[in-house]
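Please look over the sequence and the model below before reading on. The text after them walks through the fold by way of strands, charged pairs and buried side chains.

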Amino acid sequence: MNNCKNCKHWAFDEDSGYQKPEEIKKCKRIKMFWDSTDWDEKRDSRIFLDDSKAFVQDASDYYAELLTKSEFYCNMWESK
């Protein structure tokens, strides 16, 4: 199954600055919306820079992360 526990993108995040329970890790595949898009002035909208299918975003556009447990299922899963 395509669960986080078998995915190469699921890892502890040393950069977050706070302690999480041991069974919780960060999905490093899901990026912030602003890191996966760019402004298109012609269309007055955002354009995608990669093939991401999901994004995280916080109100300040400063830092956001997707935290999951090992049994979380994802269609962006990749083998370790």
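The paragraphs below take the sheet, then the salt bridges, then the nonpolar core and a helix residue. The model is a predicted one.

Begin with the sheet. Three strands form an open sheet in the order β1-β2-β7, and their pairing is antiparallel. The edge strands are β1 and β7, each of which pairs on one side only. Between β2 and β7 the antiparallel pairing runs over two bridges. Lys 25 has a bridge partner in β7, namely Thr 68.

Next come the charged side chains. Side chains of opposite charge can pair when their charged atoms come close. Across the whole structure, a search finds five salt bridges. One of them joins the side chains of Glu 78 and Lys 8, with an N to O distance of 3.4 Å. This pair connects distant parts of the chain: Glu 78 is in the segment after β7 (67-68), Lys 8 is in the segment before β1 (10-11), and the two are 70 residues apart. How exposed are these two residues? Glu 78 has a relative accessible area of 31%, so it is partly exposed. Lys 8, at 48% relative accessibility, also counts as partly exposed, because exposed would require over 50%.

A second salt bridge is formed by Arg 29 and Asp 51, whose closest N and O atoms are 3.1 Å apart. Here too distant parts of the chain are linked: Arg 29 is in the loop between β2 (25-27) and β3 (31-32), while Asp 51 is in the loop between β5 (45-48) and β6 (55-56), 22 residues apart. Is each partner buried or exposed? Arg 29 has 14% relative accessibility and therefore counts as buried. Asp 51 has 51% and therefore counts as exposed. The two pairs described so far belong together, since Lys 8, Arg 29, Asp 51 and Glu 78 are linked in a network of salt bridges.

Another salt bridge involves Asp 40, a residue of strand β4 (residues 37-40). The partner of Asp 40 is Arg 43, and the closest N and O atoms are 3.8 Å apart. Asp 40 has a relative accessible area of 16%, so this residue is buried. Arg 43, with a relative accessible area of 58%, is therefore exposed. Not counting residues up to four places away in sequence, Asp 40 touches Ser 45 and Ile 47.

Now turn to the nonpolar side chains. Which residues make up the largest nonpolar core? The core has seven: Cys 27, Ile 30, Met 32, Val 56, Ala 64, Cys 74 and Met 76. Leaving aside neighbours within four places in sequence, Met 76 is in contact with His 9, Arg 29, Ile 30, Ser 52, Lys 53 and Ala 54. That list includes Ile 30, which is itself a core residue. The list also includes Arg 29, the residue that forms a salt bridge with Asp 51.

Last is Phe 33, found in helix α1 (residues 33-36). Apart from its neighbours within four places in sequence, Phe 33 is in contact with Arg 46, Phe 48, Phe 55, Val 56 and Gln 57. Among them, Val 56 is a residue of the largest nonpolar core. Phe 33 and Tyr 62 are 29 residues apart in sequence, and their C-alpha atoms are 11 Å apart in space.

Conventions. Residues are numbered from 1 along each chain as its sequence is written. This is a predicted model: local features need pLDDT of at least 70, side-chain atom pairs count only at pLDDT 80 or more; totals for chains, interfaces and linings use all residues. Side-chain values use heavy atoms; hydrogens and water are left out. Helices (H or I, at least four residues) and strands (E, at least two) are DSSP runs, numbered from the N terminus. Contact means heavy atoms within 4.5 Å. A salt bridge is a side-chain nitrogen of Lys or Arg within 4 Å of a carboxyl oxygen of Asp or Glu. Buried means under 20% relative accessible area, exposed over 50%, partly exposed in between (1.4 Å probe, protein chains only). A nonpolar core is a set of buried Ala, Val, Leu, Ile, Met, Phe, Trp, Tyr and Cys residues joined through side-chain atoms within 4.5 Å. Two strands pair if DSSP finds at least two bridges between them.
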